[in-house]
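This briefing introduces one protein chain to a reader who has not met it before. Please look over the sequence and the structure below before turning to the notes that follow.

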Amino acid sequence: MTASEQQPTGPVLRAVVLLAQQPSGIGAIVDVLLPEASAAIGDLPLNEITINVNEVSVTFELGSGPLAAREFDYAVSQSLLRDRVQAAAASHRGYLTLSAQVGDDVFRAANVLSTITATYADHDNGLAVWLPDADLATTDVIYAGEVDRRPAHVWFNLMAARLDATTSIAHTIGVQVLGGPEVQLRTSALDPASAYKELRSAVAGLLETRTLPAPGLTLTIAGQPHVLTPATSQIGMGDVLDVVPSGAPAPQVQAAAEKPKRKGWFGLGRG
């Protein structure tokens with residue numbers, strides 16, 4: 001584990017931890033994770049540093065004051081823990097942005113980033129976590145708990161809702177930044193909450209085998225095999241993979257003009 005002045009290039013995975021208090025500097029931040037590195041930093045007037053952590057180049061960037069970003073506000077408004085995350089957003093006084101360079105192994109980068117993020121979320125100063133590329137905002141406790149139980153659950157986000165009176169949809173958000181297509185499940189056999197749970201577990205299971213979603217792969221949904229089939233996103237995210245029951249014909253795709261838009265539309269069990 002070595003400090004480096006070289007900034008990451010190429011694809012990166014990002015996470016932001018809201019902090020209750022503004023740390024004195026980047027040395028205090030690094031000290032939580034790597035005391036041996038923080039000793040070399042000392043009181044240098046830095047707010048950003050890149051360190052190699054378990055063969056992954058990770059940039060630590062300290063932000064002062066409340067985080068102001070429309071994307072963050074949107075993720076908070078869509079959070080399944082909205083009230084608690086809103087409280088954290090209202091009270092935080094600083095934030096830490098973590099960026100992990102993907103390099104040649106996105107799964108290693110995702111695992112390192114989630115572990116580091118959980119360390120800061122679980123620290124006394126942690127309040128909440130925002131994953132910008134997944135539209136996910138959650139509490140410190142929930143994020144750290146997910147990483148402890150099943151890290152792949154925090155490598156992407158999911159939405160779930162009703163498409164109509166008889167059809168539920170669950171849809172990943174954030175798989176694309178890992179390098180694969182997003183995945184959607186449209187079903188009349190499951191309610192939105194069940195569709196959310198089934199798709200989340202199935203995609204996490206796939207990622208745990210170091211495999212990204214691809215056409216022709218099989219996922220198990222509610223105990224039944226389903227095949228990943230090219231389709232068009234029902235929430236305006238372009239080309240995705242539909243989770244289709246094995247042996248069933250591919251579902252009809254609506255014209256682009258008829259698709260509901262992603263922003264402000266989805267939420268678990270809504271609609």
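How many helices and strands does the secondary structure of the chain come to? The chain has eight helices and 13 strands. The model shown is a predicted one. The points below begin with the chain as a whole, then turn to helix contacts and to individual residues.

**The chain as a whole**

- The chain has 271 residues, and 50% of them count as buried.
- The exposed surface of the chain comes to about 12600 Å², of which 50% is supplied by carbon and sulfur atoms.
- Among contacts in the chain with a separation of 6 or more, 63% are accounted for by residues 24 or more positions apart.

**Helix α5 with helix α6**

- Helix α5 covers residues 106-121 and helix α6 covers residues 140-149; their axes lie 9 Å apart, and the two pack at an angle of about 140 degrees.
- Angles that fall outside the ranges for roughly parallel, roughly antiparallel and roughly perpendicular count as oblique, and α5 and α6 are therefore oblique to each other.
- The crossing of these two helices, α5 and α6, is left-handed.
- On the α5 side the contact is made by S114, T115, T117, A118 and A121, and on the α6 side by D140, Y143, A144 and V147.
- Sorted by class, the residues in the contact of α5 with α6 are five nonpolar, three polar and one charged.

**Helix α1 with helix α5**

- Helix α1 spans residues 26-33; its axis and that of α5 come within 10 Å and cross at roughly 110 degrees.
- An angle from 65 to 115 degrees counts as roughly perpendicular, and α1 and α5 are therefore roughly perpendicular to each other.
- From α1, the residues I29, V30, V32 and L33 meet I116, T119 and Y120 of α5.
- By class, the contact of α1 with α5 has six nonpolar residues, one polar residue and no charged residues.

**Two buried residues of helix α5**

- I116 is part of helix α5, and its place in the contact with α1 is opposite residues that include L33.
- Is I116 buried or exposed? I116 has a relative accessible area of 4%, so this residue is buried.
- Leaving aside residues up to four places away in sequence, I116 touches L33, V53, V58, F60 and L98.
- Between I116 and A15 the C-alpha to C-alpha distance is 9.6 Å, although the two are 101 residues apart in sequence.
- T117 also lies in helix α5, and T117 belongs to the contact with α6.
- The relative accessibility of T117 is 0%, so T117 counts as buried.
- With residues up to four places away in sequence not counted, T117 touches A15, V17, L98, V129 and Y143; of these, Y143 is one of the α6 residues in the helix contact.

**A buried residue of strand β9**

- S168 is found in strand β9, which runs over residues 168-173.
- S168 is buried because its relative accessible area is 0%, and the cut-off for buried is under 20%.
- Which residues does S168 touch, not counting those up to four places away in sequence? S168 touches A161, R162, L163, L185, R186, T187, L190, D191, P192 and A195.
- One of these, R186, is 18 residues from S168 along the chain, and their C-alpha atoms are separated by 5.7 Å.

Conventions:
Residues numbered from 1 in each chain as written. Predicted model: local features only at pLDDT ≥ 70, side-chain atom pairs only at ≥ 80, totals over all residues. Heavy atoms only, no water. Axes fitted to C-alpha atoms, helices over the stretch in contact; angles between N-to-C directions. Helix = DSSP H or I, 4+ residues; strand = E, 2+ residues; numbered from the N terminus. Parallel < 35°, antiparallel > 145°, perpendicular 65-115°, else oblique. Left-handed = near helix turned anticlockwise from the far one by under 90°. Contact = heavy atoms within 4.5 Å. Nonpolar A, V, L, I, M, F, W, Y, C, P; charged D, E, K, R; others polar. Buried < 20%, exposed > 50% of the residue type's maximum accessible area, 1.4 Å probe, protein only. Areas by Shrake-Rupley, 256 points an atom, 1.4 Å probe, with all protein chains shown as cover.
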